[in-house]
Every structure is written in C-alpha cells, then in structure tokens.
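Here is a brief report on selected features of a two-chain structure. Please look at the sequence and model first.

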Amino acid sequence: MTSAGPLQAVSSEPGRDALSSTPPRRRVWRIFRSYPVISITLLLAIIFGAVAADLLAPYPATHGELRDRHAYPALLGGDSDHLLGADSVGRDIFSRLLYGARVSLLVAAGTILIAGSLGTFLGLISGWYGGWVDEAIMRLVDAMNAIPVVLLALVLAVALGPSFALLLAVLSLGQWPAFARQVRAETLSLKNRDYVQLARVAGASTGRILFRHILPGVFATVMVVATNQVGTVILAEAGLSFLGVGVPPPTPSLGGMISDGRLYLTDAWWISAFPGAVIALIVLSLVFIGDWLRDRLDPTLRQLD
Amino acid sequence: MSGSAAVSLGSADVPAAPGTFPTSDAVIQIRNLRKWYPIGAGIPLLREPSHLKAVDDVSFDIVYGETFGLVGESGCGKTTTLKLLLQLEEPTAGRIFYEGEDLATMSAAGRKEFRRSVQAVFQDPWASLNPRMRVSDIVGEPLEIATTMGRSEIRRRVGDVLIEVGLNPYQANLYPHEFSGGQRQRIGIARALALSPKVIALDEPVSALDVSIRAQILNLLADLQQEHGLAYLMVSHDLATVRHMCQRMAVMYLGVIQEMGNTRAIFDSPMHLYTEALMSAALPAHPDIEREEILLPGEVVSPIDPPPGDVFMGRTPLPVDPDHRWAKERPPLIEKAPGHWVVETPWSLVQETAEP
C-alpha cells in the first residue's frame, strides 16, 4: 500500500494529496491497531452489566415461572419475552447472566488480588534472598502442585459449609504459585542488573531496591499472568460450583449456569451456551488487554506504536 | 593446605603498599584484601572445600585527586577488587580504610558518609540505567536516598550535574532508551557526581563505547577530576586508556598484584615479565613502530586452588627452581625503586633491570 504510493504520486497529483492528509478512515484504523478497542469495549460492557444488574435485569435471578421452562431465546425468534431464553426452572437466562457475571467477576477479581499480592510478595522475597528462604518458598510451590485443590475444597466445604470466603481462599491457594514462580524468575534476572548494583552503591535499602527497581520490572509480568489466570479462575470457580462447593445456589454464577444446563444440552442448548460465550468473551478480552498492557508498560517498546 | 599458607602471608608482612600506614594523603587504603569463592562443599576433617581465589592478598592506596589504574587480563580479579571496595561483595579477609577509618568497624554514620563519598560508573551504559525510570529519577536517586533535599532542590541539582556532563537539563524527562551509548554513560557519570563524592570507581568506563566517543568521555572524566578533585579507581584491560588517565597503576595476575607504581615508570621500564608481556600484546600507537612481541609459555592457570607459591611460576619463560622459597610460599611485593613495587623471584623479573 505504502510502497505503491510514491509511484502513483509521481504520475498523478491527486494521489499525492491523498497521501499527505490522513483520511479519517485510516485514523480510525490506527486507533484500532494501537488499542485493543473491541476487547476493552466488551469487557467494560460486561462489567457495566454486572454492576448495574439490579437496574438492567428484566426478571429476578433466583426464581422463575415453570410455564416458561426451556423458553426459546426471543432473540432468535422464540415467542416468549425471555431475550436469551429460560432455564429448566423457567428462570430468565439474560437476568441470570448479569447477576452471574457479577458473582464470577467478583470471585475472579478477589482471587487474583489475593493470590497476585501473595504470590508476587513471596516470589520477590524468594528471588531476592535466595538460599533457604528461596528453598522453602519454592518447596511450598511444589507442595501446592501436589495438593489437589478441588479435593481440598470439597473437604473444607463439608467441614465448614460452602461460602464465598471459602471459595476465595481455596482459589487463591491454587493460584498464588503461578505468580510466585514467574515473579521469582523475573527477580532473579533483575537483581544482578548493573542498575540494581548501582542502587546499592548509592546506599539504597533492600526495601527501596525491591519496590523502586525490582517491582516495576516484574509488574508487567504480573499483569500478564493476572489476565491469563482470570480465565483459569473463572473456570475453576465453575468446576467448584458444579461440585456444589462453589458459590452456593441459587445465587447464579457463570460456571454454575453452565453445569445447570449440562443435562439439557440437546433440548435447551442456550442454558449452557450463553454463559459459556460470556466466559469466553471475558477471557479472550483479558488476554488481548494483557498483551497490550505488557507492551505498553515497557518503555523501550512504547516508541514503536 | 592453602589455608595455612594464606595465613602466614597476611599479617606477618608489612602492609605491601606505598607510604606509611595509615598515610594522610590516601583517601582509600586497601590492605590484604581477599575474596575466595568456595566451590563445592568440603568434607569436615577430610577434605577442605575448593576455593576460587578471585582476589588474593591485594593492598594498595588511592590518593586524593589521583587516578589509580588496575589492569590485567579478564578474570584476574580487578573487577572483584572494585566490587569489594564498593561493598557489593563481602571480603573473605582484609580491610578497607576510608580516610584512615576501617570500614568494618565504622559507625553507621561513617558508613553513610562512605556511601555518599564513593560512587561508581560501570562498563555497560545500557545495563547501568533502569529502563523504567526517567533520567531525573536516575540521577536524583542518590540525592533522594542520602540527603534531605526537597523535590525542587533535587531537580535543580540534577539539572546542574546534567549540564556538567554535557547534557541538557531539558533531557531530564526522557527515558534512557532515548539516548545513545555515550550520552547514557554521561547520565551514569552525572548520577555518580550528584552527591559530590570524593572517589568514583570506574569499571571499564569506555570499553563498551564506540571508539569515536571514548576520548570525549575520558576527557570529560579528566575535566571533572580537575574541577572537583575527584579520585578515580579505574579498572581496565585497555593499556592505552590507563596510560592516558592514570598517575599510578597496578598490574594484576590471578588475583595478585604483580607490579605497582607510577604509570610512566611502569610503561617506560616494566620490571615484571608479566607486565612486559601484557604491554607487548597491546597494539602500538603507530603501525610502523616495530617491537618485539613477548609470548609467555603456558596459559592462565585456573584461579581455583592455585599453587601456594608464586602464581606467575607456571607462566615464566625462565627456569624455576622447585625447591626455592617462592615456589612454596607466596612472595611479597618489594619496593625495587622509589614508589615502584614488584613481586621479585628469580624467575619473575625482566632480565636487564633485574641484574644490573
């Protein structure tokens, strides 16, 4: 496109004008190329729906009319007024999606926040101090991989009863090693950089070096791990809800809704399909935003966009 | 074995460095400094662990306002010595004095003062600056840590030192990747200068730069030294740089200083065979200059558990008497001429000067 430009410009004057002033269509294209516009819009829309569920939901989320059982989505030409259909007890799928997204996002955000902070902290300590501290933390990470989180969740749920707090705790327990491992590796490579040594020459304390020099260096990694782990968390939450130790029913969650519909996949595919699609959209959006953030947070790449 | 041989060396001999002890004109005095890295674990009572002796019994002074050069091949321990001075590595043995005070027994306030007064510039200008910090934060960081200056004061000081190193204060808001290698090294120098130190340790400050820029940076360093009375410890493998910059120098081989003295004296008439060989390996200033290339037999001995005697023993072209004292024990530095120190053994000296 650009390579053909100069040839045309020599032969015809109008072509030259078209090159010198950027047409609006190309300006829009440039924005689309430098920002993940679609992902951000989608994610914001889902977050908005989740936050404003009370205002937007046309039906209550937790009880339905049995005569609406398996109502076909109105969006696809069904004769009920359930936009995305109704489930096996006649509850409105669209309304449940809004509330379900709220619960799932809350669980995911909470887990990532807890597991991310814990994992980042332990990874920093592990990589920086090395020696027996590193040894202890890394063995703990290995141990976490050997503990079946689902089984642990089942045992705890039986002992303590399923609750939101328990779900957060168990999911965080399963997630922090991913952060710790990545942050440790990054810390190891950063701590011997010349600028870290020079910070010590300038008299910087260990805390200052960790927070001013190492943490900003691993932040991009943490963001990428976080956005990628959100999908895992949402899926893990779905699995736990399916086993009855997740978000206690009848509170809707995206994962719970998928498992609700699994018995009716041939009769009423929409019960599982729509929450599945929402999960996929959330996860995909986060992956794209994560990649964009990583590039954005690296000042050496910033000039390239 | 190696342990007992080392002990006999350290305290028994007079500190092997010029001047009385402690001298009043030395800002830094390094005495019997050692850095041994343990390699593998020993077995108690049966086998002592192996040691990589990066720095083995090194002593020298840095005088106020002078440039002291440390030269040698890669792996000879010159950079480790610099890192020991900067407290980036813990010495295995030996002492470092700052203005006559032992760092090991210094008060917290004294250590702070030392941190302020001894700064560093490293070899690689790309790795020396945090890519996520603006120039103003990089240069201002030492001020933030070591002084009680406010934000605007720091900004002003950063602008001043940037001007001093030939940069524009308006460039303070840029990131390191927006500069060339030479400019980045200037930023590093500005940072080292910010606290008005007395000593700057220079670890191969120009070897990563384009040849065309080296002279500029060296001249800048010389100008700053003149203006502020800075002392430099310059570690380099480039003899031309050392000759240009340093008043005094020491030649290291395998963690041990082999020859030390005035740069001019050493270049004019090297006493140690190793020094002579090192100089003959450097390119002459003009291609028509004819000179003899001196090749030492053998290769650099591994610094892991070196022999207890003279480390140069394996490289000398002269015959070695295996029953000689210095084949079994580490020979000391001897002041052969005023201010000119050398390790003297029957096989280590350049022949003309050794036997008048």
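The crossing of α11(A) and α4(B) is right-handed. This is a predicted model. Helix α11 spans residues 206-242 of chain A, and its axis comes within 14 Å of the α4(B) axis, crossing at roughly 165°. The angle is over 145 degrees, so α11(A) is roughly antiparallel to α4(B). From α11(A), Arg208(A), Arg212(A) and His213(A) make the contact. Their partners in α4(B) are Asp137(B), Glu141(B), Glu144(B) and Ile145(B). By class, 5 of the contact residues are charged, 1 is polar and 1 is nonpolar.

In chain B, a loop between β6 (118-121) and α4 (135-146) holds Pro131(B). Its relative accessibility is 24%, so Pro131(B) counts as partly exposed. Pro176(B) lies 45 residues away along the chain, yet the two C-alpha atoms are separated by 5.9 Å.

Next comes strand β12 (residues 340-343) of chain B. Its pairings are listed below.

| Partner strand | Sense | Bridges to β12(B) | Residue opposite Trp341(B) |
|---|---|---|---|
| β10(B), residues 256-262 | antiparallel | 2 bridges | Met260(B) |
| β11(B), residues 333-337 | antiparallel | 4 bridges | Glu335(B) |

β11(B) and β12(B) form a hairpin with 2 residues between them. In the turn, Gly339(B) has a positive phi of about 75°.

Which residues of β12(B) point one way, and which the other? His340(B) and Val342(B) point one way, while Trp341(B) and Val343(B) point the other way. All are buried. In a regular strand, side chains alternate between the two faces of the sheet.

Conventions
Residues are numbered from 1 along each chain as its sequence is written. Chains are lettered from A and ligands numbered from 1 in the order in which they are written. This is a predicted model: local features need pLDDT of at least 70, side-chain atom pairs count only at pLDDT 80 or more; totals for chains, interfaces and linings use all residues. Side-chain values use heavy atoms; hydrogens and water are left out. Buried means under 20% relative accessible area, exposed over 50%, partly exposed in between (1.4 Å probe, protein chains only). Axes are lines fitted to C-alpha atoms, for helices over the stretch in contact, and angles run from 0 to 180 degrees between N-to-C directions. Angles under 35 degrees count as roughly parallel, over 145 as roughly antiparallel, 65 to 115 as roughly perpendicular and the rest as oblique. A crossing is left-handed if the near helix is turned anticlockwise from the far one by less than a right angle, and right-handed if clockwise. Contact means heavy atoms within 4.5 Å. Ala, Val, Leu, Ile, Met, Phe, Trp, Tyr, Cys and Pro count as nonpolar, Asp, Glu, Lys and Arg as charged, and the others, Gly among them, as polar. Two strands pair if DSSP finds at least two bridges between them.
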